[in-house]
Amino acid sequence: MARIAGVDLPNKAVKIALTYIYGIGRTSAADICRKTNIDPDVRINTLSSDELALLRKVIEEDYKIEGHLRTEVALNIKRLMDIGCYRGLRHRKGLPVRGQRTKTNARTRKGRKKTVANKKK
């Protein structure tokens, strides 16, 4: 099993296996394959150690991935919360940030329903 950036890559096509690394999607994976001249449809376990080393080198030099990217994203969110902008307040309250409706839906951000009992007369 190939290991790049601390992630064990599954035995799938290179273009798919690279997406298991946080910060690399389909487009980035295709770009990496193009830069390294590796066939995107070849399986990870058939690559030579030289090709894997080349993949590692290109990814480390050109892409921000895994821990560095997670830290940057967390710091960006923290900055928004610290300056108290609208997006920061939405993050702080655990509500949708990008203008979605909240009267219905938004259960992923809001969590399970909290039932409120009716007033007794």
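A residue counts as buried when its relative accessible area is under 20%. By that yardstick, 29% of the 121 residues of this protein are buried. Please keep in mind as you read that the model is predicted. Here is a friendly tour of the fold, of one helix in detail, and of some charged side chains.

**Overall fold**

- The protein has six helices and two strands, and along the sequence they follow the pattern β-β-α-α-α-α-α-α.
- The radius of gyration is 21 Å, well over the 14 Å that the globule rule gives for 121 residues, so the protein is more spread out than a compact globule.
- Along its principal axes, the C-alpha trace spans about 75 × 30 × 20 Å.
- Taking contacts between residues at least 6 apart in sequence, 45% join residues at least 24 apart.

**Helix α2, side by side**

- Which residues of α2 are buried? They are S28, A29, I32, C33 and T36.
- These residues lie on the same side of α2, because they cover an arc of only 140 degrees around the axis.
- An α-helix has 3.6 residues a turn, so residues three or four places apart point the same way.
- The cover over the buried residues of α2 includes α1 (14-17) and α3.
- Turn to the other side of α2 and you will find R26, T27 and R34, which are exposed.
- Just after α2 comes N37, with a positive phi of about 55 degrees.

**Salt bridges**

- How many salt bridges does the structure hold? There are eight, and the bullets below look at some of them.
- K35 pairs with D62, and their closest N and O atoms are 3.3 Å apart.
- This pair links distant parts of the chain, since K35 belongs to helix α2 (residues 26-36) and D62 to helix α3 (residues 49-62), with their positions 27 residues apart in the numbering.
- Both partners are partly exposed: the relative accessible area of K35 is 47%, and that of D62 is 43%.
- D82 and K78 also form a salt bridge, at 2.9 Å from N to O.
- Both of these side chains come from helix α4 (residues 66-83), where D82 and K78 are four residues apart, about one turn of the helix.
- Is D82 exposed or buried? D82 counts as exposed, because its relative accessibility of 55% is over the 50% cut-off.
- Its partner K78 counts as partly exposed, with a relative accessibility of 44%.
- D8 and R3 make another salt bridge, in which the closest N and O atoms are 2.7 Å apart.
- D8 has a relative accessible area of 40%, so it is partly exposed, and R3 is partly exposed as well, at 44%.

**Rings and charge**

- What sits over the ring of Y22? The charged end of R70 does, 4.0 Å from the centre of the ring.
- If you are looking for aromatic pairs, the structure holds zero of them.

**To take away**

- The protein is more spread out than a compact globule, so a picture of a simple ball would not suit it.
- Helix α2 has buried residues including I32 and C33, while R26 and R34 are among the exposed residues on its other side.
- Of the salt bridges described here, K35 with D62 links helix α2 to helix α3, whereas D82 and K78 both lie within helix α4.

Conventions. Residues numbered from 1 in each chain as written. Predicted model: local features only at pLDDT ≥ 70, side-chain atom pairs only at ≥ 80, totals over all residues. Heavy atoms only, no water. Phe/Tyr/Trp six-rings, centres within 6.5 Å; stacked < 30°, edge-to-face > 60°. Lys NZ or Arg CZ within 6 Å of the ring centre and 35° of its normal. Salt bridge = Lys/Arg side-chain N within 4 Å of Asp/Glu carboxyl O. Buried < 20%, exposed > 50% of the residue type's maximum accessible area, 1.4 Å probe, protein only. Arc of directions from axis to C-beta. Contact = heavy atoms within 4.5 Å. Rg over C-alpha atoms; globule rule 2.2 N^0.38 Å.
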